[in-house]
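Work through the exercises below with the sequence and the structure open beside you. Try each task on your own before you read its solution.

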Amino acid sequence: MIGRLHGRILAKHPPQLLLDVGGVGYEVEAPMSTFYDLPAVGETVALVTHLVVREDAWSLYGFGREQERALFRRLLKVTGVGAKMALAILSSMDAARFAHCIEHEDLDVLIRVPGIGRKTAQRLVMELRDSLDVIPGSAPHLPETRAGGADPREQALADAVSALVALGYRPVDATRMARAADDGSGGAEEIIRSALRAASGR
């Protein structure tokens, strides 16, 4: 299966990107933790990947770090957690914060992730609390956002809203979150990062 891609970025529409690898365009979904570190469109990048095969679709997920992919795969083993929810968790917090939530049974933080209710949060704690040592990631990762092109404010907001909706937030909530997070200086990725930070109480 596809385990790694190295190619040129053709487009970025969080949480999706299009990667040209030897003339073949791969559509890849990635957590925002990976998006924050991506170079500009037109530049090359290497991603480790995980392929999810379903009856109706094949979906490819990309990660900037092996630790992110390992946590993604660990989350998929939890009852009731699918790829979309795992992606939302990785976009909302780093591995160290997630491990802290599991260790301290911090359900209030977990349920702030879109798609996670109290029962799912309890299931995450129950199934992962005895395996904290295998949850990848040792230190918080909050990389600086790479600034993109000079996009108009409304386009940046629209891209941020689309990304938040793709991560599971309702359109009305995504719009509210994006506008509240926009300070007028950053691009879509910075708006998304600020919105997710606010949603998780960081």
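**Exercise 1.** Find the pattern that the helices and strands follow along the sequence of this predicted model.

*Solution.* Begin by counting the elements of secondary structure, which come to nine helices and five strands. Then read along the sequence and write down each element as you meet it, which gives β-β-β-α-β-β-α-α-α-α-α-α-α-α. To complete the overview, note that the protein has 202 residues, of which 46% count as buried, and that residues 24 or more positions apart account for 60% of the contacts with a separation of 6 or more.

**Exercise 2.** Decide whether Thr34 is buried or exposed, and list what Thr34 touches beyond four places away in sequence.

*Solution.* First locate Thr34, which belongs to helix H1, made of residues 32–35. Next take its relative accessible area of 3% and compare this value with the cut-off of 20%, under which a residue is buried; Thr34 is therefore buried. Leaving out residues up to four places away in sequence, you will find that Thr34 touches Leu47, Gly62, Phe63, Gly64 and Glu68. With Gly64 there is also a polar contact, since the side chain of Thr34 reaches the backbone nitrogen of Gly64 at 3.0 Å.

**Exercise 3.** Work out which residues of H8 are buried and how they are placed around the axis of the helix.

*Solution.* Start with Asp173, a residue of helix H8, whose relative accessibility of 18% means that Asp173 counts as buried. The side chain of Asp173 is joined to that of Arg170 by a polar contact of 2.9 Å. Now collect the buried residues of H8, namely Asp173, Ala174, Met177, Ala178 and Ala181. Looking down the axis of H8, you see these residues within an arc of 130°, so they line one face of the helix. Recall here that an α-helix has 3.6 residues a turn, so residues three or four places apart point the same way. Finally, turn to the other side of H8, where Pro171, Val172, Arg176 and Ala180 are exposed.

**Exercise 4.** Describe how H8 packs against H9, and say which residues meet.

*Solution.* Take the geometry first: H8 (residues 171–181) and H9 (residues 188–199) pack at an angle of about 105°, and their axes are 8 Å apart. This angle makes H8 roughly perpendicular to H9, because angles of 65 to 115 degrees are classed in that way. Then identify the partners: Met177, Ala178 and Ala181 in H8 meet Ile191, Ser194, Ala195 and Ala199 in H9. Sorting the residues of this contact by type gives six nonpolar, one polar and no charged.

How values were computed
Residues are numbered from 1 along each chain as its sequence is written. This is a predicted model: local features need pLDDT of at least 70, side-chain atom pairs count only at pLDDT 80 or more; totals for chains, interfaces and linings use all residues. Side-chain values use heavy atoms; hydrogens and water are left out. Axes are lines fitted to C-alpha atoms, for helices over the stretch in contact, and angles run from 0 to 180 degrees between N-to-C directions. Helices (H or I, at least four residues) and strands (E, at least two) are DSSP runs, numbered from the N terminus. Angles under 35 degrees count as roughly parallel, over 145 as roughly antiparallel, 65 to 115 as roughly perpendicular and the rest as oblique. Contact means heavy atoms within 4.5 Å. Ala, Val, Leu, Ile, Met, Phe, Trp, Tyr, Cys and Pro count as nonpolar, Asp, Glu, Lys and Arg as charged, and the others, Gly among them, as polar. Buried means under 20% relative accessible area, exposed over 50%, partly exposed in between (1.4 Å probe, protein chains only). A polar contact is a pair of N or O atoms within 3.5 Å; within protein, one must be able to donate a hydrogen and the other to accept it, and residues adjacent in sequence count only if both atoms are side-chain atoms. The arc is that of the directions from the helix axis to the C-beta atoms.
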